[in-house]
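Here are a few notes to go with your first look at this one. Have the viewer open as you read.

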Amino acid sequence: MTCTEFIALLDELIDDSLPAETRAQLQEHLSGCEHCEVTLSTTRKTIEIYRSHEVYDLPDTIRKRLHDAIIARCKHGC
Amino acid sequence: MATIQQIGENEQHPDVALVNSARAGDVQAFETLVNKYDRQIFRIAQHITQNREDAQDIVQDAFLKAYEKLDQFQGNSKFYTWLVRIAVNESLMRLRKRRTGKMVSIDDDIETEEGSVPRDLADWSPNPEQNYSQAELAEILRKTIQGLPQGFRIVFVLRDVDGLSTEETAETLGLSVPAVKSRLLRARLQLRERLSRYFRKKKAGEK
């Protein structure tokens, strides 16, 4: 397996949606390719870091204002 | 294949009961839905418009539009994906208004080869985020994702941050499943490449 073939299957590997046989081929490539190993681990980290850190937070005061406005309109038939 | 959350015929998503009550005039049931999803809708709107005030308006407009159209909600998709579709459309409409005369779609700027082949191959520090304060880190993450083409950014946010399945993301954005997959891979690789500038292990002597 080449690095290009590995990268083409990177998402499926990360999302754990590969048949066992293909997965084993990727693992075999990984054991001898530091570049793909780094690409895999840092791509996983990229996803994890965006999942665990809120980039755009909605402050409670604004949230409340929006809720009040939405519900008031709903009660009066939009 | 991506995992799809299958809901059995006899199992109901908890939102279905809330939607039914809201349809029957129970505003409190609708308020529960607002409470449950407003943060995600705000996040999606802000990622698309890159504008805080617009994103706040979109939260309001999307929920009001959903409330008005509750009768049209078929129930063959999840309420949340239906709501996201409304919010994405509202966000794109608002962008069009801002850039008068210029068509805006989720296909903008995706003709780029950047990031499809990993170039920065240095490993990262074990916990790279620890080298930055929360505020610095948030700024790095914001700046980095803002630099992605729109059509990649929204796919990454829906699929990886919001946790929609590939199929749900495709349905929400009106894209094919292969298009979502190809954008997701490139979005992930481009973000990785860009974050590498901040998170890569420093060589001896580097500051």
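Is the crossing of helix 5 of chain A and helix 3 of chain B left-handed or right-handed?

1. The crossing of these two helices is right-handed. Do keep in mind that this is a predicted model. Helix 5 of chain A packs on helix 3 (residues 52-68) of chain B at about 30 degrees, and their axes are 10 Å apart. Angles under 35 degrees count as roughly parallel, so helix 5 of chain A and helix 3 of chain B fall in that class.

2. Who touches whom here? On the chain A side, helix 5 brings Ile62(A), Leu66(A), Ala69(A), Ile70(A), Arg73(A) and Cys74(A), while helix 3 of chain B answers with Gln56(B), Val59(B), Gln60(B), Phe63(B), Leu64(B) and Tyr67(B). Sorted by class, this contact has 9 nonpolar, 2 polar and 1 charged residues.

3. Now for the chains as wholes: 31 residues of chain A are in contact with 40 residues of chain B. On chain A, helix 2 (10-14), helix 4 (34-52) and helix 5 (60-75) each give two or more residues to that side. Helix 4 of chain A supplies the largest share, 11 residues. The chain A side splits into 16 nonpolar, 8 polar and 7 charged residues.

4. Have a look at helix 7 (residues 166-173) of chain B too. This helix is largely enclosed by the rest of the structure, because 6 of its 8 residues are buried. Among them are Thr166(B), Glu168(B) and Leu173(B). The buried residues of helix 7 pack against helix 4 (79-98), helix 6 (150-161) and helix 8 (177-199) of chain B.

5. After helix 7 of chain B comes Gly174(B), with a positive phi near 70 degrees.

Technical notes
Residues are numbered from 1 along each chain as its sequence is written. Chains are lettered from A and ligands numbered from 1 in the order in which they are written. This is a predicted model: local features need pLDDT of at least 70, side-chain atom pairs count only at pLDDT 80 or more; totals for chains, interfaces and linings use all residues. Two residues are in contact if their C-beta atoms, placed from the backbone, lie within 7 Å. Helices (H or I, at least four residues) and strands (E, at least two) are DSSP runs, numbered from the N terminus. Ala, Val, Leu, Ile, Met, Phe, Trp, Tyr, Cys and Pro count as nonpolar, Asp, Glu, Lys and Arg as charged, and the others, Gly among them, as polar. Axes are lines fitted to C-alpha atoms, for helices over the stretch in contact, and angles run from 0 to 180 degrees between N-to-C directions. Angles under 35 degrees count as roughly parallel, over 145 as roughly antiparallel, 65 to 115 as roughly perpendicular and the rest as oblique. A crossing is left-handed if the near helix is turned anticlockwise from the far one by less than a right angle, and right-handed if clockwise. A residue is buried if 20 or more other C-beta atoms lie within 10 Å of its own, exposed if 12 or fewer, and partly exposed in between; C-beta atoms are placed from the backbone.
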